[in-house]
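The following questions ask how descriptive terms are justified from computed values.

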Amino acid sequence: KIAYYFDNRVYIIIDRKTKMKIVGELINTKEKPKKQHLDDIIQELWSENIKITVLKVAEKARSTRYMVKWYFDDKKKNEISGLNKIIRETFLISKAIEAIDLLTEGGDSIKMRHLKKITSIRDYSILKKAVKKYEDAI
């Protein structure tokens, strides 16, 4: 801090860090959430099969996107991308299983062509997994 006088007034020069602390206190900014807390939120979203985004993590952490965004480095983004793929696949499989229930209600056999029409799922491997899960449950 440097104080100097000019035209009978006192001017104080402070560094940027101190200035930002003062601004933060004036506008009541929150501190950054802890990494462990954000990890717990990501785990909770994944267990509830909710797509993981910066915005949803920020909402759960009761913080802003900008306060949470620092945590999402490239490694964490890749990890979350993998989790989101699993969530999407799980959603599609459950959608396909519901369609299989509709198709087999009358005692008919499962036909992939009809299943693709009903669900609009084009990935054959997902449909195959859904059929296997359905048959295992029966």
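A helix here is a DSSP run of H or I of at least four residues, numbered from the N terminus. The model is predicted.

Q: How do you know that lysine 132 and aspartate 136 are about one turn of the helix apart?
A: Both residues lie in helix H7, 4 residues apart, which is about one turn of the helix.

Q: What makes the contact between lysine 132 and aspartate 136 a salt bridge?
A: A salt bridge requires a side-chain nitrogen of Lys or Arg within 4 Å of a carboxyl oxygen of Asp or Glu. The N to O distance for lysine 132 and aspartate 136 is 3.5 Å, so the pair meets the rule.

Q: Why is aspartate 136 called exposed?
A: Exposed means over 50% relative accessible area. Aspartate 136 has 57% relative accessibility and therefore counts as exposed.

Q: Why is lysine 76 called buried?
A: Buried means under 20% relative accessible area. Lysine 76 has 12%, so the term applies.

Q: What makes glutamate 79 partly exposed?
A: Partly exposed lies between the 20% and 50% limits. Glutamate 79 has 40% relative accessibility and therefore belongs there.

Q: Why are H5 and H6 called oblique to each other?
A: The axes of helix H5 (residues 74–104) and helix H6 (residues 112–119) cross at roughly 120 degrees. Roughly perpendicular covers 65 to 115 degrees and roughly antiparallel begins over 145, so the crossing of H5 and H6 counts as oblique.

Key. Residues are numbered from 1 along each chain as its sequence is written. This is a predicted model: local features need pLDDT of at least 70, side-chain atom pairs count only at pLDDT 80 or more; totals for chains, interfaces and linings use all residues. Side-chain values use heavy atoms; hydrogens and water are left out. Axes are lines fitted to C-alpha atoms, for helices over the stretch in contact, and angles run from 0 to 180 degrees between N-to-C directions. Helices (H or I, at least four residues) and strands (E, at least two) are DSSP runs, numbered from the N terminus. Angles under 35 degrees count as roughly parallel, over 145 as roughly antiparallel, 65 to 115 as roughly perpendicular and the rest as oblique. Buried means under 20% relative accessible area, exposed over 50%, partly exposed in between (1.4 Å probe, protein chains only).
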